[in-house]
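Visitor: Could you pick one part of this model and take me through it slowly, together with whatever surrounds it? I am in my first year, so please go step by step.

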Amino acid sequence: MSADSSIDQHIVYSTAYEADIGAHVFPTEKFRGVFERLVAEDGLERALEPERPDREALLRVHTEDYLRDLEGGRHTERTIASELPITGEIVEWFMLSCAGTVLACRQALALGWAAHLGGGFHHAFPARAEGFCYLNDLAVGARAVQADGSAERVAIIDVDVHQGNGTAAIFARDPTVFTFSIHQEDNYPIKERSDRDIGLLSFDPHRIGGPTVTDSVYLAELEPAVIDILDDFRPHLVLYQCGADPYQHDQLGGFRLTLEGLARRDATVLGACHERRVPVAITFGGGYAIDVADTIAIHLETVRTARRIWTAEPQAER
Ligand SMILES: [Zn+2]
(Lines give C-alpha, C1' and ligand atoms only; values in the text may rest on other atoms or scores of the structure.)
Protein backbone atom coordinates (compact mmCIF):
# COMPACT_ATOMS: atom_id res chain seq x y z
CA MET A 1 0.00 0.00 0.00
CA SER A 2 1.48 3.30 -1.00
CA ALA A 3 1.70 6.17 1.45
CA ASP A 4 0.18 8.19 -1.32
CA SER A 5 -3.06 6.29 -1.73
CA SER A 6 -5.25 9.39 -1.49
CA ILE A 7 -4.87 12.17 -3.99
CA ASP A 8 -6.92 14.68 -1.97
CA GLN A 9 -4.05 16.14 0.07
CA HIS A 10 -2.07 16.79 -3.10
CA ILE A 11 -4.61 18.89 -4.98
CA VAL A 12 -5.44 22.56 -4.39
CA TYR A 13 -8.40 24.16 -6.16
CA SER A 14 -11.11 26.77 -5.85
CA THR A 15 -14.29 27.22 -7.88
CA ALA A 16 -13.49 30.97 -7.73
CA TYR A 17 -10.85 30.42 -10.43
CA GLU A 18 -13.51 30.25 -13.09
CA ALA A 19 -13.94 34.01 -13.07
CA ASP A 20 -16.03 35.77 -15.69
CA ILE A 21 -13.58 37.64 -17.91
CA GLY A 22 -15.91 38.08 -20.89
CA ALA A 23 -15.00 36.85 -24.37
CA HIS A 24 -11.29 36.16 -23.91
CA VAL A 25 -8.57 33.83 -25.14
CA PHE A 26 -7.84 32.72 -21.55
CA PRO A 27 -10.12 29.75 -20.84
CA THR A 28 -10.90 30.15 -17.12
CA GLU A 29 -13.04 27.01 -17.39
CA LYS A 30 -9.86 24.94 -17.72
CA PHE A 31 -9.37 24.87 -13.95
CA ARG A 32 -12.77 23.25 -13.36
CA GLY A 33 -12.14 21.03 -16.38
CA VAL A 34 -9.05 19.50 -14.80
CA PHE A 35 -10.69 19.28 -11.38
CA GLU A 36 -13.72 17.45 -12.74
CA ARG A 37 -11.63 14.93 -14.61
CA LEU A 38 -9.56 14.21 -11.50
CA VAL A 39 -12.83 13.58 -9.63
CA ALA A 40 -14.30 11.41 -12.37
CA GLU A 41 -11.20 9.44 -13.31
CA ASP A 42 -8.57 9.64 -10.57
CA GLY A 43 -10.47 9.21 -7.32
CA LEU A 44 -10.21 12.82 -6.16
CA GLU A 45 -12.89 13.35 -3.54
CA ARG A 46 -12.14 16.73 -2.06
CA ALA A 47 -9.44 19.18 -3.07
CA LEU A 48 -7.81 21.54 -0.57
CA GLU A 49 -9.34 24.98 -0.83
CA PRO A 50 -7.31 28.16 -0.40
CA GLU A 51 -8.58 30.98 1.79
CA ARG A 52 -7.94 34.64 1.10
CA PRO A 53 -4.24 35.26 1.83
CA ASP A 54 -3.11 37.55 4.58
CA ARG A 55 -1.75 40.88 3.50
CA GLU A 56 1.69 40.11 4.84
CA ALA A 57 2.06 37.24 2.35
CA LEU A 58 1.17 39.53 -0.56
CA LEU A 59 3.35 42.38 0.70
CA ARG A 60 6.43 40.17 0.55
CA VAL A 61 6.12 40.58 -3.23
CA HIS A 62 3.69 43.38 -4.09
CA THR A 63 3.51 47.02 -3.08
CA GLU A 64 0.87 48.50 -0.81
CA ASP A 65 -0.22 51.03 -3.47
CA TYR A 66 -0.71 48.34 -6.07
CA LEU A 67 -2.69 46.12 -3.72
CA ARG A 68 -4.93 49.09 -2.89
CA ASP A 69 -5.58 49.71 -6.60
CA LEU A 70 -6.55 46.08 -7.05
CA GLU A 71 -8.81 45.98 -4.02
CA GLY A 72 -10.50 49.18 -5.16
CA GLY A 73 -10.84 47.87 -8.73
CA ARG A 74 -9.17 51.05 -9.97
CA HIS A 75 -7.68 51.69 -13.38
CA THR A 76 -4.33 53.27 -12.59
CA GLU A 77 -0.91 53.20 -14.21
CA ARG A 78 -0.29 50.11 -12.10
CA THR A 79 -3.30 48.07 -13.20
CA ILE A 80 -3.77 49.33 -16.74
CA ALA A 81 -1.16 47.05 -18.37
CA SER A 82 -3.36 44.07 -17.56
CA GLU A 83 -5.07 42.42 -20.50
CA LEU A 84 -7.95 41.36 -18.25
CA PRO A 85 -10.85 43.41 -16.93
CA ILE A 86 -10.69 44.42 -13.28
CA THR A 87 -13.67 43.30 -11.21
CA GLY A 88 -14.09 42.09 -7.65
CA GLU A 89 -14.50 38.55 -8.92
CA ILE A 90 -11.27 38.68 -10.93
CA VAL A 91 -9.27 40.22 -8.07
CA GLU A 92 -10.60 37.48 -5.80
CA TRP A 93 -9.42 34.86 -8.33
CA PHE A 94 -5.86 36.23 -8.19
CA MET A 95 -5.87 36.62 -4.41
CA LEU A 96 -6.99 33.02 -3.95
CA SER A 97 -4.47 31.89 -6.57
CA CYS A 98 -1.69 33.31 -4.40
CA ALA A 99 -3.03 31.47 -1.36
CA GLY A 100 -3.44 28.33 -3.46
CA THR A 101 0.18 28.32 -4.54
CA VAL A 102 1.32 28.89 -0.95
CA LEU A 103 -0.83 25.93 0.09
CA ALA A 104 0.56 23.76 -2.72
CA CYS A 105 4.11 24.65 -1.65
CA ARG A 106 3.35 23.56 1.92
CA GLN A 107 1.73 20.32 0.77
CA ALA A 108 4.66 19.61 -1.53
CA LEU A 109 7.14 20.11 1.29
CA ALA A 110 5.12 17.74 3.48
CA LEU A 111 4.26 15.08 0.88
CA GLY A 112 6.77 15.38 -1.97
CA TRP A 113 4.43 16.85 -4.57
CA ALA A 114 1.29 18.91 -4.84
CA ALA A 115 -0.61 20.41 -7.73
CA HIS A 116 -2.35 23.74 -7.66
CA LEU A 117 -5.05 23.56 -10.31
CA GLY A 118 -4.44 27.24 -10.92
CA GLY A 119 -1.76 29.89 -10.53
CA GLY A 120 1.47 30.27 -12.47
CA PHE A 121 0.88 33.99 -13.11
CA HIS A 122 4.47 34.77 -13.99
CA HIS A 123 4.03 38.11 -15.78
CA ALA A 124 2.92 40.07 -12.69
CA PHE A 125 5.48 42.52 -11.27
CA PRO A 126 5.65 43.86 -7.69
CA ALA A 127 3.95 47.14 -8.51
CA ARG A 128 2.03 46.41 -11.70
CA ALA A 129 -0.03 43.97 -13.68
CA GLU A 130 1.00 42.56 -17.01
CA GLY A 131 -0.58 40.24 -19.56
CA PHE A 132 -3.20 38.02 -17.93
CA CYS A 133 -1.54 38.35 -14.52
CA TYR A 134 -2.41 40.63 -11.61
CA LEU A 135 -0.53 38.94 -8.76
CA ASN A 136 2.57 36.75 -8.97
CA ASP A 137 1.52 33.68 -7.00
CA LEU A 138 4.84 31.93 -7.75
CA ALA A 139 6.76 34.68 -6.00
CA VAL A 140 4.26 34.85 -3.14
CA GLY A 141 4.60 31.07 -2.69
CA ALA A 142 8.40 31.08 -2.75
CA ARG A 143 8.62 33.90 -0.22
CA ALA A 144 6.00 32.32 2.06
CA VAL A 145 7.93 29.08 2.53
CA GLN A 146 11.16 31.02 3.00
CA ALA A 147 9.51 33.24 5.61
CA ASP A 148 8.21 30.33 7.66
CA GLY A 149 11.59 28.61 7.47
CA SER A 150 10.42 25.51 5.60
CA ALA A 151 12.59 26.09 2.51
CA GLU A 152 15.74 28.15 2.19
CA ARG A 153 16.47 27.81 -1.53
CA VAL A 154 13.63 27.72 -4.03
CA ALA A 155 13.91 27.12 -7.77
CA ILE A 156 11.20 28.24 -10.16
CA ILE A 157 11.18 26.10 -13.29
CA ASP A 158 9.02 27.84 -15.85
CA VAL A 159 8.26 25.98 -19.09
CA ASP A 160 5.42 28.19 -20.29
CA VAL A 161 5.96 29.26 -23.92
CA HIS A 162 6.19 32.87 -22.66
CA GLN A 163 9.09 34.03 -20.52
CA GLY A 164 8.43 34.35 -16.78
CA ASN A 165 9.43 38.00 -16.91
CA GLY A 166 7.71 39.14 -13.71
CA THR A 167 9.20 36.31 -11.70
CA ALA A 168 12.65 36.96 -13.18
CA ALA A 169 12.49 40.64 -12.24
CA ILE A 170 11.21 39.97 -8.71
CA PHE A 171 14.10 37.65 -7.87
CA ALA A 172 16.80 39.30 -10.01
CA ARG A 173 18.84 40.24 -6.98
CA ASP A 174 17.83 37.37 -4.72
CA PRO A 175 20.38 34.53 -4.68
CA THR A 176 18.01 32.31 -2.65
CA VAL A 177 15.50 31.93 -5.48
CA PHE A 178 16.69 30.54 -8.81
CA THR A 179 14.58 31.49 -11.80
CA PHE A 180 14.68 29.38 -14.95
CA SER A 181 12.61 30.00 -18.05
CA ILE A 182 12.58 28.07 -21.32
CA HIS A 183 10.42 30.00 -23.76
CA GLN A 184 9.83 31.29 -27.25
CA GLU A 185 12.23 34.14 -27.81
CA ASP A 186 10.20 35.68 -30.67
CA ASN A 187 7.04 36.14 -28.64
CA TYR A 188 5.55 38.23 -25.85
CA PRO A 189 6.76 39.53 -23.37
CA ILE A 190 9.65 42.01 -23.33
CA LYS A 191 12.29 39.80 -21.75
CA GLU A 192 13.78 40.21 -18.31
CA ARG A 193 16.87 38.29 -17.25
CA SER A 194 16.20 35.05 -15.35
CA ASP A 195 19.04 33.26 -13.58
CA ARG A 196 18.91 30.99 -16.58
CA ASP A 197 17.02 31.59 -19.79
CA ILE A 198 16.67 29.38 -22.82
CA GLY A 199 15.00 31.46 -25.50
CA LEU A 200 14.20 29.38 -28.58
CA LEU A 201 13.19 30.85 -31.92
CA SER A 202 10.03 29.48 -33.50
CA PHE A 203 11.68 29.72 -36.91
CA ASP A 204 15.08 28.92 -38.29
CA PRO A 205 16.59 32.24 -39.41
CA HIS A 206 19.00 30.46 -41.77
CA ARG A 207 16.52 28.35 -43.62
CA ILE A 208 13.07 29.52 -44.62
CA GLY A 209 10.55 26.88 -43.74
CA GLY A 210 13.22 25.08 -41.70
CA PRO A 211 12.59 23.07 -38.58
CA THR A 212 10.90 24.76 -35.66
CA VAL A 213 10.79 23.81 -32.01
CA THR A 214 9.67 20.20 -32.10
CA ASP A 215 9.57 17.71 -29.22
CA SER A 216 13.13 16.54 -29.75
CA VAL A 217 14.60 20.03 -30.16
CA TYR A 218 12.83 21.21 -27.02
CA LEU A 219 13.64 18.22 -24.83
CA ALA A 220 17.30 18.26 -25.84
CA GLU A 221 17.50 21.83 -24.46
CA LEU A 222 15.38 21.25 -21.39
CA GLU A 223 16.80 18.11 -19.84
CA PRO A 224 20.45 19.13 -19.29
CA ALA A 225 19.37 22.55 -18.03
CA VAL A 226 17.05 21.10 -15.40
CA ILE A 227 19.69 18.64 -14.22
CA ASP A 228 22.28 21.42 -13.95
CA ILE A 229 19.96 23.63 -11.94
CA LEU A 230 18.97 20.89 -9.52
CA ASP A 231 22.55 19.70 -9.01
CA ASP A 232 24.17 23.14 -8.78
CA PHE A 233 21.55 25.16 -6.91
CA ARG A 234 20.20 22.25 -4.82
CA PRO A 235 16.77 23.74 -4.10
CA HIS A 236 14.67 22.68 -1.11
CA LEU A 237 11.57 23.22 -3.22
CA VAL A 238 10.79 23.53 -6.92
CA LEU A 239 7.87 25.59 -8.13
CA TYR A 240 6.96 24.15 -11.52
CA GLN A 241 5.11 26.53 -13.83
CA CYS A 242 3.95 24.03 -16.45
CA GLY A 243 2.23 26.23 -19.03
CA ALA A 244 0.31 24.23 -21.62
CA ASP A 245 1.08 26.75 -24.36
CA PRO A 246 4.21 25.23 -25.99
CA TYR A 247 1.61 22.96 -27.64
CA GLN A 248 1.54 22.82 -31.44
CA HIS A 249 -2.12 23.90 -31.61
CA ASP A 250 -1.80 26.80 -29.19
CA GLN A 251 -3.18 30.15 -30.33
CA LEU A 252 -0.54 32.26 -28.57
CA GLY A 253 2.54 30.07 -28.97
CA GLY A 254 4.81 29.20 -31.89
CA PHE A 255 6.29 25.91 -30.65
CA ARG A 256 5.38 22.57 -32.18
CA LEU A 257 5.23 20.26 -29.17
CA THR A 258 2.84 17.33 -29.33
CA LEU A 259 0.77 16.03 -26.43
CA GLU A 260 3.32 13.26 -26.08
CA GLY A 261 6.21 15.73 -26.11
CA LEU A 262 4.56 17.80 -23.38
CA ALA A 263 4.09 14.67 -21.28
CA ARG A 264 7.79 13.91 -21.74
CA ARG A 265 8.61 17.47 -20.73
CA ASP A 266 6.74 16.97 -17.46
CA ALA A 267 8.28 13.55 -16.85
CA THR A 268 11.73 15.07 -17.43
CA VAL A 269 11.29 17.86 -14.89
CA LEU A 270 9.31 15.91 -12.31
CA GLY A 271 11.44 12.78 -12.65
CA ALA A 272 14.67 14.75 -12.16
CA CYS A 273 13.24 16.42 -9.04
CA HIS A 274 11.95 13.15 -7.62
CA GLU A 275 15.27 11.39 -8.18
CA ARG A 276 16.96 14.07 -6.09
CA ARG A 277 14.24 14.14 -3.42
CA VAL A 278 13.28 17.70 -4.26
CA PRO A 279 9.61 18.45 -3.54
CA VAL A 280 7.61 20.02 -6.35
CA ALA A 281 4.62 22.36 -6.29
CA ILE A 282 2.89 22.46 -9.67
CA THR A 283 1.10 25.56 -11.00
CA PHE A 284 -0.62 25.77 -14.37
CA GLY A 285 0.21 29.05 -16.13
CA GLY A 286 -0.96 29.57 -19.73
CA GLY A 287 -2.69 27.34 -22.26
CA TYR A 288 -4.67 28.59 -25.24
CA ALA A 289 -5.18 25.56 -27.44
CA ILE A 290 -7.74 25.94 -30.21
CA ASP A 291 -9.66 23.17 -28.46
CA VAL A 292 -9.78 23.85 -24.72
CA ALA A 293 -10.06 20.08 -24.13
CA ASP A 294 -6.42 19.84 -25.24
CA THR A 295 -5.32 22.45 -22.69
CA ILE A 296 -7.19 20.51 -20.00
CA ALA A 297 -5.61 17.23 -21.15
CA ILE A 298 -2.10 18.74 -21.02
CA HIS A 299 -2.54 20.05 -17.46
CA LEU A 300 -4.20 16.81 -16.35
CA GLU A 301 -1.26 14.83 -17.65
CA THR A 302 1.16 16.98 -15.62
CA VAL A 303 -0.75 16.17 -12.43
CA ARG A 304 -0.98 12.49 -13.30
CA THR A 305 2.73 12.31 -14.11
CA ALA A 306 3.61 13.74 -10.70
CA ARG A 307 1.31 11.30 -8.96
CA ARG A 308 2.66 8.35 -10.93
CA ILE A 309 6.28 9.25 -10.23
CA TRP A 310 5.81 9.80 -6.51
CA THR A 311 3.52 6.84 -5.87
CA ALA A 312 5.90 4.49 -7.67
CA GLU A 313 8.37 5.16 -4.89
CA PRO A 314 8.53 2.27 -2.42
CA GLN A 315 7.13 3.30 0.95
CA ALA A 316 10.25 2.09 2.80
CA GLU A 317 12.29 4.80 1.12
CA ARG A 318 10.09 7.65 2.24
ZN1 LIG B 1 2.10 31.58 -21.60
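Guide: Let's begin with a cut-off that we will need: when two axes meet at an angle under 35 degrees, they count as roughly parallel. Please also keep in mind that this is a predicted model.

The part to look at is helix 8, which covers residues 259-275. Helix 8 has 17 residues, and from its first C-alpha to its last it reaches 24 Å, close to the 24 Å expected at 1.5 Å a residue.

Now, which side chains of this helix should you look for on the inside? The buried residues of helix 8 are Gly-261, Leu-262, Arg-264, Arg-265, Asp-266, Val-269, Leu-270, Ala-272 and Cys-273. A general point helps in reading such a list: an α-helix has 3.6 residues a turn, so residues three or four places apart point the same way. As for what they pack against, the buried residues of helix 8 meet strand 3 (154-158), helix 7 (215-233), strand 6, strand 7 and helix 9 (292-311).

Let's take helix 7 from that group. Two packed helices are described by the angle between their axes and the distance between the axes. For helix 7 and helix 8, the angle is about 10° and the axes are 10 Å apart. With the cut-off we began with, helix 7 and helix 8 are therefore roughly parallel to each other. You can trace where they touch: on the helix 7 side are Asp-215, Tyr-218, Leu-219, Leu-222, Glu-223, Val-226, Ile-227 and Leu-230. On the helix 8 side, the residues they meet include Gly-261, Arg-264, Arg-265, Val-269, Ala-272 and Cys-273, and these are also among the buried residues of helix 8.

Next, follow the chain out of helix 8. Just after this helix comes Arg-277, with a positive phi of about 60°. Most residues other than glycine have a negative phi, and most peptide bonds are trans. Arg-277 is therefore a residue to pause at, since its phi is positive although it is a residue other than glycine. Arg-277 is found in the loop between helix 8 and strand 7. Is Arg-277 buried or exposed? It has 10 C-beta neighbours inside 10 Å, so Arg-277 counts as exposed.

There is another arginine to set beside it. Arg-234, again not a glycine, has a positive phi of about 45°, and its place is in the loop between helix 7 and strand 6. Arg-234 has 13 other C-beta atoms within 10 Å, so it is partly exposed.

The loop with Arg-277 leads us to strand 7, residues 280-283. Here Val-280 and Ile-282 point one way while Ala-281 and Thr-283 point the other way, and all are buried.

What does strand 7 pair with? With strand 6 (237-241), strand 7 pairs in the parallel sense over 4 bridges, and Gln-241 stands opposite Thr-283. With strand 2, residues 113-116, strand 7 pairs in the parallel sense over 3 bridges. In that pairing, Trp-113 stands opposite Val-280, and Ala-115 has Ile-282 as its bridge partner.

Now helix 8 can be put into its setting. Strand 6, helix 8 and strand 7 together make a right-handed β-α-β unit. These strands belong to an open sheet of 7 strands with parallel pairing, in the order 1-2-7-6-3-4-5. At the edges of the sheet are strand 1 (11-12) and strand 5 (196-200), each pairing on one side only.

Another helix lies across this part of the sheet. Helix 4 (residues 88-111) lies across strand 1, strand 2, strand 6 and strand 7, and it runs at about 165° to strand 2.

Finally, helix 9, which we met beside helix 8, has a second role in this picture. What covers the buried residues of helix 1 includes strand 1 and helix 9, and helix 9 is also among the elements that the buried residues of helix 8 pack against. In helix 1 (residues 29-42), those buried residues are Lys-30, Phe-31, Gly-33, Val-34, Phe-35 and Leu-38.

Conventions:
Residues are numbered from 1 along each chain as its sequence is written. This is a predicted model: local features need pLDDT of at least 70, side-chain atom pairs count only at pLDDT 80 or more; totals for chains, interfaces and linings use all residues. Two strands pair if DSSP finds at least two bridges between them. Helices (H or I, at least four residues) and strands (E, at least two) are DSSP runs, numbered from the N terminus. Two residues are in contact if their C-beta atoms, placed from the backbone, lie within 7 Å. Axes are lines fitted to C-alpha atoms, for helices over the stretch in contact, and angles run from 0 to 180 degrees between N-to-C directions. The expected span of a helix is 1.5 Å times one less than its number of residues. A residue is buried if 20 or more other C-beta atoms lie within 10 Å of its own, exposed if 12 or fewer, and partly exposed in between; C-beta atoms are placed from the backbone. A crossover is right-handed if, with the strands pointing away from the viewer, the path from the first strand over the helix to the second runs clockwise. Angles under 35 degrees count as roughly parallel, over 145 as roughly antiparallel, 65 to 115 as roughly perpendicular and the rest as oblique.
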